[in-house]
Amino acid sequence: MTNEQILVPELKDWKKKNGDKFDLQDWIACEGNIRLAIGYSVIFWPDFIEFNDCVFIKSNFSNDNYEEWTKSDSVENYKQIEGIINHIHIIDLFAWEKQEEINYDQVIYLGNILKNIYNLKLKADFPERQIMVTFNDDLKTDDLIDYQLTFYQVENEKRKIKNGS
């Protein structure tokens, strides 16, 4: 069960003013706006693209970045390229000045929700592919920037990168 008051600490004050039945949906109706909802929709239901038998988050992908990684000495296979280009640091989804307000429980909750969403979206968009979505919630670190989500195709581990291509 989710502890809404740990995830949204100000909900406690809202409940004091509005009663115990006041919940997250009520809070969103008071504090949220359509522009933020639309903005978050691209995180919660992203567009993906295919390139060279790889799958990428469209907003993370560029040909130049892809080519740089294929030439990197530290990258051996296409699984690594997918994982690198597709990775998202959960805390980076928010403005720098707001990051100090974020706590561990919030990062873990959101990372796991995004993992579930990406699993569903990737299966819907690419039912024939075996795509692994990971979130490193077992890391146990106080540095919240280290928590990240990524995905890659399992079979791309076998696709070795040769001669920078």
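Q: What makes strand 3 and strand 5 a pair, and in which sense do they run, parallel or antiparallel?
A: In this predicted model, strand 3 and strand 5 are joined by two bridges in the antiparallel sense. Pairing requires at least two bridges between two strands, so the two found here meet the requirement. One bridge partner in strand 5 can be named: Leu149, which is set against Ile88.

Q: How do you know that strand 4 and strand 5 pair, and over how many bridges?
A: Strand 4 and strand 5 (residues 148-153) share five bridges in the antiparallel sense. The cut-off is at least two bridges, and therefore the two strands count as paired. Among the bridge partners in strand 5 are Tyr152, which stands against Met132, and Thr150, which stands against Thr134.

Q: What is the order of the three strands in the open sheet?
A: The order is 3-5-4, and the pairing is antiparallel.

Q: Which are the edge strands, and what makes them so?
A: Strand 3 (88-89) and strand 4 (131-135) are the edge strands, as each of them pairs on one side only.

Q: What packs on the sheet, and which strands does it touch?
A: Helix 6 (residues 78-86) packs there, touching strand 3 and strand 5. The direction of helix 6 makes about 150 degrees with that of strand 5.

Q: Which strands does helix 7 lie across, and at what angle does it run to strand 4?
A: Helix 7 (residues 104-125) lies across strand 3, strand 4 and strand 5. The angle to strand 4 is about 175 degrees. Angles run from 0 to 180 degrees between N-to-C directions, so a value of about 175 degrees means that helix 7 and strand 4 point in nearly opposite directions.

Q: Why is strand 5 called mostly covered?
A: Five of the six residues of strand 5 are buried. A residue is buried when its relative accessible area is under 20%, so five residues of strand 5 fall below that cut-off. For the chain as a whole, buried residues make up 33% of the 165 residues.

Q: What makes strand 1 and strand 2 a pair?
A: Strand 1 (residues 48-51) and strand 2 (residues 54-57) are linked by four bridges in the antiparallel sense. At least two bridges are needed, so the four bridges satisfy the criterion. Within this pair, Glu50 of strand 1 stands opposite Val55 of strand 2. The two strands form a hairpin with two residues between them.

Q: What sets the phi of Asn52 apart?
A: Asn52 is not a glycine, yet its phi is positive, at about 50 degrees. Most residues other than glycine have a negative phi. Asn52 lies in the loop between strand 1 and strand 2.

Q: Why does Asn52 count as partly exposed rather than buried or exposed?
A: The relative accessibility of Asn52 is 39%. Buried means under 20% and exposed means over 50%, so 39% belongs to the class in between.

Q: Where is Lys140 found?
A: Lys140 is in the loop between strand 4 and strand 5. Its phi is positive, about 60 degrees, although Lys140 is not a glycine.

Q: How do you know whether Lys140 is buried or exposed?
A: The relative accessible area of Lys140 is 61%. The cut-off for exposed is over 50%, so Lys140 is exposed.

Q: Why is Asp138 placed in its accessibility class, buried or exposed?
A: Asp138 has a relative accessible area of 60%, which is over 50%, so Asp138 is exposed. Asp138 is located in the loop between strand 4 and strand 5. From the C-alpha atom of Asp138 to that of Tyr66 is 29 Å, with the two residues 72 apart along the chain.

Q: What lines the largest pocket, and which residues lie nearest its centre?
A: The lining has 29 residues, and those nearest the centre are Leu7, Val8, Trp27, Tyr40 and Phe94. The space in this pocket comes to about 1,200 Å³. Helix 3 (24-31), helix 4 (34-44) and helix 7 each supply at least two lining residues. Helix 7 gives the most, with six.

Q: How is the lining of the largest pocket divided by class?
A: It has 21 nonpolar, four polar and four charged residues.

Q: How many helices and strands does the chain have?
A: There are seven helices and five strands. Along the sequence they follow the pattern α-α-α-α-β-β-α-α-β-α-β-β.

Conventions:
Residues numbered from 1 in each chain as written. Predicted model: local features only at pLDDT ≥ 70, side-chain atom pairs only at ≥ 80, totals over all residues. Heavy atoms only, no water. Contact = heavy atoms within 4.5 Å. 1 Å grid on protein atoms, 1.4 Å probe; cavity = no way out; pocket = protein on both sides within 12 Å on 5 of 7 lines; lining within 4 Å. Points joined across faces, edges and corners; volume = space filled by probe spheres on them. Nonpolar A, V, L, I, M, F, W, Y, C, P; charged D, E, K, R; others polar. Buried < 20%, exposed > 50% of the residue type's maximum accessible area, 1.4 Å probe, protein only.
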